[in-house]
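Visitor: I should like to learn how to read the contact between two chains and the spaces inside a model. May we take one example step by step?

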Amino acid sequence: MAYSDKVIDHYENPRNVGTLDKQDPNVGTGLVGAPACGDVMRLQLKITDEGIIEDAKFKTFGCGSAIASSSLVTEWVKGKTVDEAMTISNKDVARELALPPVKIHCSVLAEDAIKAAIEDFKKKREARQNKA
Amino acid sequence: MKLPIYMDNHATTPMDPRVLEAMMPYLREDFGNAASRNHAFGWKAEAAVEQARKQVAALLGASDKEIVFTSGATESDNLAIKGVVEFYKDKGDHIITLKTEHKAVLDTCKRLERIRQERLDELKQMRLGQLTGAPVSRDNLAELSIKHDLDNDPVYRQWAELPTGGARVTYLEVEKDGRIDLKKLEAAMTDKTILVSIMLANNEIGTVQPIAEIGKLCRQKGILFHCDAVQGIGKVPFNVEQMNVDLASISAHKMYGPKGVGALYVRRKPRVRIAPIIDGGGHERGMRSGTLNVASIVGFGKAAEIARQEMADEAGRLLRLREKLRKGITEQLDMVTVNGSLEHRLPGNLNISFAYVEGEALMMAIKDVAVSSGSACTSASLEPSYVLRACGVEEELAHSSIRFGLGRFNTEEEVDFVIKLMVDKVNRLREMSPLYEMAKEGIDLKSIEWTAH
């Protein structure tokens, strides 16, 4: 399968690979996919109290498209507000990377990972507020 | 050393220069049709084909009269299975094969099952028409069949026993190491079984089946034995006489010959009959019509001769290289598993799962070496390999598998390069893998509720 140059670039030089501290109240973690399906994406976002995404890290088990999709969204979400990040759709990812049809689900996973990470952050914040 | 390195010799092999040299005259001045009986061009072509037939027969331990040239092993498998089912339909309609066979066998069997089912449905429609006195459509066939208890209807049951042109098929499980359990094979045999089709060596995991024992059992029971020998022939011992094989499929391009030519061995004593699937000029004793592909057949013959002469030495060399590759990888990386039996295995095959790394991503990372992913991710389907699944390999590991196929032209220097490349790239991808990180932290991945998609 011939991949676009952008997929290959992200695959060979992935941006923001790594791990943020899960215990940090400002870090939201999204873990989506399943090992049995051949792809698991973990996206972590560090979000300020004002709701600005100041850092993003990912780790992905999956094909080249899955790695490229997660690498791309870490670039995109940095500096955005939570509300802006929520508007990123899988179509944007698929278009930017020119994913072949059989790999569209990798972009869906990337969108899901953003939403899951933000949801996790919001849950943590609510728990904190309830305690206070 | 030239990059990229080719280590996908199960898919196809490069042509041996000696093969190409043998073919050249038949692509140029000696271009005659082997069926032209009335001039020198035809005679020369025919003589070349008959020479090749002897060379191919010798590799199988067969007589040259038992070799039918085809377009390749897919056609040979189709001809063997459909040919036997058609010819022996009055004797029975049951076939036994393995879940790990090549698609050329499995899909042929599935088509025969569909044909049988369609004929049975037609018979049901007819019988229900008689019983209800009105035409029966396909839509309410199942419902009416139950209502009128067709399974216990003596007339329908009698019809259903008539030859349908299709077949019933048993797809046997294999053991964890990819090998067949002979007791299960024997238990699956019935008085309607006309054919057992089992491969010599598996194309993904290199597992070599106990062909002589299978042949012995089939002979005792009076069942024909077809062996898809494509991957194993010329690499491990194979002899149709000693092993009681009745039909065998082989292909030139898996043994350093040209693509587009293969053969089916069809036993003469005791005689095995098959119905042709291609009709026409009656070439190949009526079993496979079509003008013979003379130059390729000549190349096939030469390839078979080389394989026969060099097999013993080459097998030893490949085994040394394979073991070097296996040890190099498994000693430097944790959480890797070799799939398939190590003992009963093609010398050049290594199928290996790298836990927590996805096969296709790994193939992208090692683009300097041509291998095949154990998972079928590069094709249109995203399903992991059915062969690995049939051997009980878990889905996540089946997604993480790579097949190395070493061949005649691979060198030790290449193996050294590949070991280093694999270790580097697997480590790099594992650094990027959330699963590897979690496993290292001691998290049980099975305890997590994954979001399947």
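Guide: We shall discuss the chain contact, then the salt bridges, then the enclosed and open spaces. Please bear in mind that this is a predicted model.

Visitor: How many residues does each chain bring to the contact?

Guide: Chain A gives 31 residues and chain B gives 30 residues. Together the two chains bury about 2,600 Å², with 63% of that area on carbon and sulfur atoms. On the side of chain A, the residues that lose the most area to chain B are A:Tyr11, A:Pro35 and A:Phe61, together 25% of what that side buries.

Visitor: How many salt bridges and polar contacts cross the interface of chain A and chain B?

Guide: Side chains of opposite charge can pair when their charged atoms come close. Across this interface there are 4 salt bridges. A salt bridge joins B:Lys367 to A:Glu12, at 3.1 Å from N to O. Between chain A and chain B, 14 residue pairs are in polar contact.

Visitor: Which elements of chain A supply the side that touches chain B?

Guide: At least two residues each come from helices H1 (5-12), H2 (64-77) and H5 (104-131), and from strands E1 (27-34), E2 (39-47) and E3 (53-61) of chain A. By class, that side of chain A has 19 nonpolar, 7 polar and 5 charged residues.

Visitor: How many salt bridges are found over all chains?

Guide: The whole structure holds 44 salt bridges. One of them pairs A:Arg15 with A:Glu75, at 3.2 Å from N to O. This pair links distant parts of the chain, 60 residues apart: A:Arg15 is in the loop between H1 and E1 of chain A, and A:Glu75 is in helix H2 of chain A.

Visitor: What lines the largest cavity?

Guide: The search finds 2 cavities of 30 Å³ or more. The largest has about 240 Å³ of space and is lined by 22 residues, with B:Gly234, B:Lys235, B:Tyr256, B:Glu314 and B:Leu318 nearest its centre. Helix H9 (residues 294-332) of chain B gives the most to this lining, with 6 residues.

Visitor: Which residues line the second largest cavity?

Guide: This cavity has a volume of about 40 Å³. Its lining includes A:Phe61 and A:Ile67 as well as B:Tyr356 and B:Leu429. By class, the lining has 6 nonpolar, 3 polar and 1 charged residues.

Visitor: How do the residues lining the second largest pocket divide by class?

Guide: They divide into 3 nonpolar, 1 polar and 9 charged. The pocket has a volume of about 320 Å³. Of its 13 lining residues, B:Arg37, B:Glu46, B:Glu50, B:Arg53 and B:Glu284 are the closest to its centre.

Note on methods: Residues numbered from 1 in each chain as written. Chains lettered and ligands numbered in written order. Predicted model: local features only at pLDDT ≥ 70, side-chain atom pairs only at ≥ 80, totals over all residues. Heavy atoms only, no water. Contact = heavy atoms within 4.5 Å. Buried area = accessible area lost by both parts, 1.4 Å probe. Salt bridge = Lys/Arg side-chain N within 4 Å of Asp/Glu carboxyl O. Polar contact = N/O pair within 3.5 Å; in protein donor to acceptor, adjacent residues only side chain to side chain. Helix = DSSP H or I, 4+ residues; strand = E, 2+ residues; numbered from the N terminus. Nonpolar A, V, L, I, M, F, W, Y, C, P; charged D, E, K, R; others polar. 1 Å grid on protein atoms, 1.4 Å probe; cavity = no way out; pocket = protein on both sides within 12 Å on 5 of 7 lines; lining within 4 Å. Points joined across faces, edges and corners; volume = space filled by probe spheres on them.
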